[in-house]
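Work through the exercises below with the model open, and attempt each task before reading its solution.

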Amino acid sequence: MLTENDVAVLCLRLNLAPQAQAVLSTIQSSPPSRRVGSGGKNVPVTYTSRKMGVTIQAESYKNELAGVYEMEHDPTVLAFYDQPPPIKLQYQAKSGRMVGVLHTPDYFVIRADALGWEEWKTEEDLVRLAEKMPHRYVHAEDGTWHCPPGEQVTAPLGFYYRVRSSCDIHWVFQRNLRFLSYYLRTNTPSVKEAAKEEAIALTASHPGITLAELLQRRDRATSDDIYTLLATEQIYVDVYAAPLAELEQVHVFCDEQTARAWATALAQDTFSDRSRPHTLLIEPGASVVWDGKPCTILYQGQTTTTLLTEDRRPLEVSNSHFGVELRKLVRR
């Protein structure tokens, strides 16, 4: 969690004016300005953030929760606050008259290089809202969404206002969040200590064990226990790498540090000897090095293989570019 000294250093580094510092202080010291509720297709959930040390609200597990999970795991995000105090937006309505509304963005985010409000919407909702309020929601030529009245409020403070679309969310990541959403609810039964110790011991002694094998080997822990531990990150899986429902493709570790070390070692071992032909085992979730950078294999087709880069972007590569024989990994 950010300390007062951390915030002071950040304000100095970003050269924030006293007014901006006062707004930041108010946001940090204020509880959520409202409680999110269910409505329509929304299924609100709460997420216990280790980064923030509090429970964070998400208005929908299909959209906002993915944003929360992204911020929780993004090292450039230093802190984030749900339902910050409202700001006033002024803009021209479709009818032509000027309107002013109090607006509560979903989150206020403190990043290493910038601070600002972020509003998460589904792409479908944004298209509908842009038709209804064309001066409040604008779709730029580069495909990004903007809220000009929000940007007008934040710019004098040196903050940003970003509209985040569901299109920004990685599809495997979102699918896994949906899968785990049941285990993130406040009424989810806690995992008994013996079951937790067993799961951690299995993943520590077998780094990269598949989820299928972990579920087969467990004795004291139930399958619900395993998924609860994954959802609460007491054992680790890369939720971008493979759908959790495909048990044989998911690799589980005792923690993220071990997973990263394992991926690095695998990548180095795979490409340690480039002078001789060799076979590359292709399996979703496996790590490879492409163009000098570590990547994760998403899936392999007949002619191309899709990689996931470090910045979570899919990259399609022709199988012929690998310069090695590609074959599926067969587990015995």
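**Exercise 1.** Determine whether C254 is buried or exposed, and establish how many disulfides a search of the whole structure finds.

*Solution.* C254 has a relative accessibility of 19% and therefore counts as buried, where buried means under 20% relative accessible area, exposed over 50% and partly exposed in between, with a 1.4 Å probe and protein chains only. C147 is buried as well, with a relative accessible area of 1%. The search of the whole structure, taking a disulfide as a pair of cysteine sulfur atoms within 2.5 Å, finds zero disulfides.

The model is predicted, so local features need pLDDT of at least 70 and side-chain atom pairs count only at pLDDT 80 or more, while totals for chains, interfaces and linings use all residues. Residues are numbered from 1 along each chain as its sequence is written, and side-chain values use heavy atoms, with hydrogens and water left out.

**Exercise 2.** Identify which residues of helix α1 are buried, and explain why they lie on the same side of α1.

*Solution.* In α1, which spans residues 4-13, the buried residues are V7, L10 and C11. They lie on the same side of α1 because they cover an arc of only 100° around the axis, the arc being that of the directions from the helix axis to the C-beta atoms. An α-helix has 3.6 residues a turn, so residues three or four places apart point the same way. The face turned away from the buried side of α1 carries the exposed residues N5, L12 and R13.

Technical notes. Helices (H or I, at least four residues) and strands (E, at least two) are DSSP runs, numbered from the N terminus.
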